[in-house]
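I opened this model to look at how two chains meet and how some strands pair. My notes follow in the order I looked things up.

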Amino acid sequence: MKLINIKYIIVVFFVTILSVSCTDEFEQMNTDPNKFLSPKPSLVFNGAVRETYLHLGGYLNNEAFLTYAGYIGQRGGSLGNFSYEDARVNTMYQRCYTDVIVTLQTFIDDYKDDPKFSNRVEMAKIWNTYIYSVLVATFGPIHYSDAIGTELVVAYDSEKEVYTELLETLKQASINLNVAGDKFVVDPVYNGNISQWIKFCNSLRLKLALRISGSSDMSELADSHLSDVMLKEQEMLETNVDNVVLIGEASNVLNWSYAYDKFIFNTGVTISQIPMANFHFLLNLRTFSDPRLEAYHDVAKDSLTIEDVLLKSGSATETINVSYKIPYYGKTISGTSTLGEWGLDSSDNPYQGLADDVYSRPNFEKFFAEDAQFDVITAAETYFMKAEAKLLGYSGSESVESYYYKGIETSFEHYGLSSDVAAYKEIDGVKWGTSNPGIRDIFNVIDSSISADPLDQIVRQRWFAMFYQGLDGWCLNRRTRLIPTQPHYNPDNTQTARTTVYAEVPERLVFPPSEKGTNTSNYEEAVALLGGIDDLITPLKINTFYERIPSPETILDAEYNYDFASGWYGDSEDDLIAKGINYDIIILE
Amino acid sequence: MNIKKHIVLMLFFTQALIYSQNKNIRGVVKNDKGEPVIGATVVYKGSSIGTITDFDGLFELQVAKQEAPVLVISYVGFVTQEIPVAGQKKVNVLLVPSDIVLEEVIVTALGIKREKKSLTYASQTVDTDDFSETRTSNFLNNLSGKVAGVQITSSGSPVGSNRVVIRGATSLTEDNQPLYVIDGIQMSTPQGDTGLTSNDGGIDYGNPISQINPDDIESIEVLKGAGATSLYGSQGANGVILITTKTGRNTNGIGISINQNLMFTDILEYPNYQYVYGAGQIGRLALNAGHIDSETGYPNSSRWDRAYGLPMLGQDVINVNKEPGQYFVQPDNIKEIYSTGITSSTNISLQGSSEKGSYRLSYGFLDSEHTISGMNEQKRNNISFNGNYKLTNKVESRVNVTFVNDLVKNRIPTNGNPRNPASAYIFMKPNFSKDNLIPYKDELSGVAYTYEGPFTNPYWNIYENTNQDETNRVLFGTDLIYRPAKGYMFKLKATTDFRSRVSEVLNNKGATYDLDGEYRTGDLTAVTNRYTGLFTVNKRVKKVSIVSTLGASLFNTRFSNRTIRIDQLAESGYATVANNAGYPVVGEVDSEKEIQSLFASASLGYKSTYYLELTARNDWSSTLPKANNSYFYPSIGTTVVFSKFIPKNDILTFGKLRGSYGEVGNDTAPNRTLNLYEYGGNYLGNAYFQLPNTKLNENLVPERSKTIEFGTETFFFKRRIKFDLTWYQTRTEDQIMELLTSPGTGYTRQFVNAGVLKNSGFEIVLNATIFDGKDKGFHWDANINWSNNQTYVESLPEGLERVELGRFFNATVGAEVGEKFGQIRGRAYAKDPVTGHTLVSNNGRALFENDVYLGNAQADWIGGLRNSFGYKDITFSFLLDVKMGGDLLSGTSVKATNAGVYEKTLYAREDSFFGEVVLGENGNERRGNGLYGNDYADTVIKGAYHVNSALGVRDAEGNLVAERDAEGNVIENRRYMNSQVYHYDDANNQIGHVYDASYVRLREVNLGYTLPQNILSGTGIQSVKIAAVARNLWFLYKNTPEGIDPEAQTNSGNGRGIEYGSPLPTFNYGLNVNVKF
């Protein structure tokens, strides 16, 4: 090549570089080729439901709500010990918004003016309302009216503001939903059945209205919705077919239930961390010989052997000492712990030295399988809500008693126990208008007695029926304080402002601690809306004030006992023989 | 836009004016080896008319009007020549080297060489002489303590990511790493540990800059301020590290150099452990039947995740390896994990030159083994070629090629990752040892023997979790230079950085924390190309000198990564995607970025005394939205050589004052503007889509950092002392950052433009020749550098008062408005606001407050002191590296306290053990309360209690305060509790685990001996140098607990101030032999 050419090329190339300024392709270059601009709305909805199952039905339920509702025994960990970890609380709150609400809200915003999508927009709103209802009942003030906006910081709404909007949204949705209208092609909730969506909408509205009915702040709001929604009592969940039950998928590891993934599959979890039966829940079911005890729980792997005094076979007076195994045993919320003030000798503690396998666990197939169910709302629950609404004086075509029994019947049907329901309804304390002295708990601090008060019966049966609906159980207790659960006798006080050595069930969860940094001034206003310090011990507006009397610390007649287990199969040796139970006779010397 | 273009063109125009000047006298300046001297100053004596020589050593000047003109030719490192030139048209000048450094010429942006005295900004040359001797596998470690204003944080792992920050962080959320330019090739150097959190950790793939072979490095220049970096554009916003590699210039014949280096690594410090109480809980080995082995009736010592058990007296137990054994003290259980690491580096280089050009070819091989045998095994091959060739007198071409093959096996997972064997020391029970931890699995099932808690068997981790990655990298750069006339140059430059990394990780099935195992593979490719065209003018006319540049560049970088992950292995031990029992998860990441730029600069000098420098640049970046993708930024600077105004004296030899103001605009990473849905997977037979948790921003605008800088450069006592002082202030505005946002927005992170960070500080460089060592006598040089950068957060986006940068459980490190960058917050004992009593509840345990200020991670100042001595053929040098101030929250200390392994957890254990286990007292009895409110007779202390504590109660406003009596005096508390519970409280009190991370460290020691020439004569060997070297030998000063390196950090990101599971500090020592033929 001649030199002149090289020089020429250099200069021309130089000038070319200087003058090149083609930025037209910049936009395409800066678009991620592995993402999607506008997928089908039903596939977005599908994702929101999946996340609800995994997060609300999985994470939140298993890590906090089930413990707070008294459905499982001692779990350990900070939440299980009535404290919290920042990261967990952040995740609990955050995923509701970032993995469910934002996708549905974006869909609502994009399609709200398009009549072809009117039903789907309402369904998305109902689903978001359900998610918000969990948030507001857990944290109190939450992000609502300003949520999913364009600002970096978001104000909180008070509980009252949130419930006002949620109930109004449900009211409008039940009006706007059109049975003949559009539906999601992929609808894992009701498979496109709009009339069931209407039932869900009304039942949820009844549930939220009752939830706030005890709050002086919101009683008017509750009243207006209760009186309105009870007019629609025909359009509520009626049978178990109407239940909103979310499920996982055995064939897809990514859709395994939280409980399977966390407790069964993951062997990093030690046996003591796998949820066990709650002693007090078992105590109550046993008190009323409730057949759901066996439907809800699996027999313990290595069940507990107890010593008991029974009537000798064929005798009505002579007793013998026997030992036999009982199939079910539960842990209290705080395991073996008692309070030092009671003067109980720890070596006599019946819990002392028990291996983890003596405790029963919730029914594996239903609650720990890969595709374990999660009940969002059920027909049985709806009947108990109707019973309570009717009791409060709202309209309703049936009597309180009738709703109450329907609740029990529907619950029994849900667990395939319809044949047992007639006998059950005759038991003292279950039978409408009857009471039961109950059984004292293992420390003689709490018992399972029930009064003949209608609300006491409705609440107790609703607690039984809503097994594994952790949030609903927790809400019911915080509102009524009628569920006989014990305080935590050995709580973790490192995070909370609690100064007592025992702890009642948390009144709420703290605001996500990350908000102190990312949303500081709104966080401070949220604390003001809360009306107390941002702690587990500050009650929400829906909670009823509660002070246990006498205080657990001052209980002096505490005593270890086996009342829960004794006479498990009956009062007589004959019962053991009839039921084919192996037993040993203990010869006392 | 038009105005900006005009400015660019105007700067260019100034060159054209000078282009038309006459020229009469020509000459060439060569050194004693016959090489052209580039950049030598040629002036008429008694005037300031002059020029500097070009790349061929040529110069041209007007004939002087003086009667007997004398040319003064000077160049750094050479004796100044004076040559009478009356009547001459052509002069040949031969410069001979001088011992005293006179004028410094340095490489500045875009490879333009400039007289140092004309610079208007701070730039520091790094002494690279001993980089190949006091060697580490990442040469960046060798910069530590050597450059003012540059803070290097070593990752603690030889294959990890170092953090290099010049003048503090300018960006809240980006990595703040400087731009590395090697021979004009812009390197893509993403940190290999992005996103590794303190709790989870992961694999740190290191920074790609570490692949440069220190044997190839000729010099390193650090450009600090915006004035220095504006010509590199956005990518230079954090400063630029210019690396020039060795060339074959000035070689007679063929030069061969062989260097062999052998370095050994050992642990410098082990933690202080208690070897009294073994695994267990509240002074027991078994709490219930579940803890007893059913066959033998012995307790399982593996059940426990803490060492709060019994005194170890040889009790029979079942060990972790499922074998019966004794519960004995194992004082070497940590030491035995480690052995001496060896790193061998071999380098051979060949070089030669002729009149037409020169070349250098170099091959290096590094073979390194870690202190944990089998981990961090590195084998690296470097081949580099560097050549230049003159096609004609006016056209020259240059080529640089570097090829790197880097194979690393078993990188150690970092931080709190359960797979990190190096963090086993946090949880190692005093009765555990290699003997009872191995075998760690059931040979038949392959399942690891289980035990509770965070302790994972280090031997499982070493042998069953493997990983491997191989990087192939090519750096290629070529220049074509055309000099149409003296002082004018067109230059075209094309460079490529191609990097591919294939990696795989096998976490074998059977581990307690991951029973079904995991396998993943990644295939990453990154290509960065840059094309630059430059036109420069380098002239001196009468009293005016000018160095001016006009250029354009096109930068393009593409990245792609393909990953496949298997969460369930079918068979134990097979590292292949085919070994799949579940669903492979496929990942694909693709991005591309392009920046087009137009830039110009002009440096005008007058009388070699006054200098004015202007730069201007406009970038167009593909990463910004269309409307905002063009941004312009200028700089201006001035220098005055004030020593010209004062009479010559013996004290001040040279002095200059400089000041500059510069801006740098900055874009962002690709794919940050358009919000799109992600495919999530399938649910119940249908696909689902979700919005990502990060919200992108369609309205991003470029960031800007603005630096104002003043400085002096002075020489005293005939240049025996050099003293430079710089003050600077940088404000970075409109930061593009990925913020943690309230989930109420629907996103956890969002990209925004906001926030202002302000950096300011002083930098001092002091070099002194204390003994000048004439005639091979004793010489002593001392170099000091010192800097005190302070980074403040001036503002954050509206409504935000904090940005979280790092986290250890509930402790955070962040940026807070009005505070120093790096505020550490966390949990501490609740205290009475008036008296400061620790508040406790009535079981004696402390109450806590969260989100309490714990400290700040930022250092007050950093510095280095280097002394080098020489006598005859022996040289000796050492470097002290200093960091003062800055706090460190040690997660290791928190967890080791919780686990009961630290020696300090012995406090009150014996009392607790006696009261609770031997006497069987309950909590009330230990506190002196008998049953039903009666006193308990025994008043001997039975455990621990919080000193200076009181019962916490709530006052009328709901605040926690100490319980007070009727007179308002605090009622002191003395509630004894089990010592384990007390140490739990201690572990929860995070402020107690925050340490001052200051250090004075003996960083480098080098003792060298050069064989006398007379021994070598006739052997063909030119020189032999043997050096005994060592690194990190000694902490002269440190406040962190034994075994915790004050430099330790959880990653190289901005979340400084947290350490968790960091490697034990190491030191290195070894030998270097260099032979030149």
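I started with the buried area in this predicted model. Chain B and chain A bury about 8300 Å² between them. Carbon and sulfur atoms account for 61% of that area. I then asked which three residues of chain B supply the most area against chain A. They are B:Tyr677, B:Tyr683 and B:Phe689, with 10% of what chain B buries there.

Next I looked up the contacts. On chain B, 101 residues touch chain A, where 89 residues are in contact with them.

I turned to charge. Between chain B and chain A I found one salt bridge. A:Lys35 forms it with B:Glu678. Their closest N and O atoms are 3.9 Å apart, inside the 4 Å cut-off. I also counted 24 residue pairs in polar contact between the two chains, both residues at pLDDT 80 or more.

Which element of chain B gives the most to the side that touches chain A? It is β28(B), with eight residues. By class, I noted 44 nonpolar, 37 polar and 20 charged residues on that side of chain B.

I followed β28(B) back to its neighbour. This strand covers residues 584-606 and pairs antiparallel with β27(B) over 23 bridges. B:Phe555 has B:Ile595 in β28(B) as its bridge partner.

Then I checked β27(B), residues 544-566, against β26(B), residues 518-541. They run antiparallel, joined by 23 bridges. B:Tyr531 is partnered with B:Leu554 in β27(B). Last, I looked at the turn. β26(B) and β27(B) form a hairpin with two residues between them. B:Lys542 in that turn has a positive phi of about 50 degrees.

Conventions
Residues numbered from 1 in each chain as written. Chains lettered and ligands numbered in written order. Predicted model: local features only at pLDDT ≥ 70, side-chain atom pairs only at ≥ 80, totals over all residues. Heavy atoms only, no water. Pairing = 2+ DSSP bridges. Helix = DSSP H or I, 4+ residues; strand = E, 2+ residues; numbered from the N terminus. Contact = heavy atoms within 4.5 Å. Buried area = accessible area lost by both parts, 1.4 Å probe. Salt bridge = Lys/Arg side-chain N within 4 Å of Asp/Glu carboxyl O. Polar contact = N/O pair within 3.5 Å; in protein donor to acceptor, adjacent residues only side chain to side chain. Nonpolar A, V, L, I, M, F, W, Y, C, P; charged D, E, K, R; others polar.
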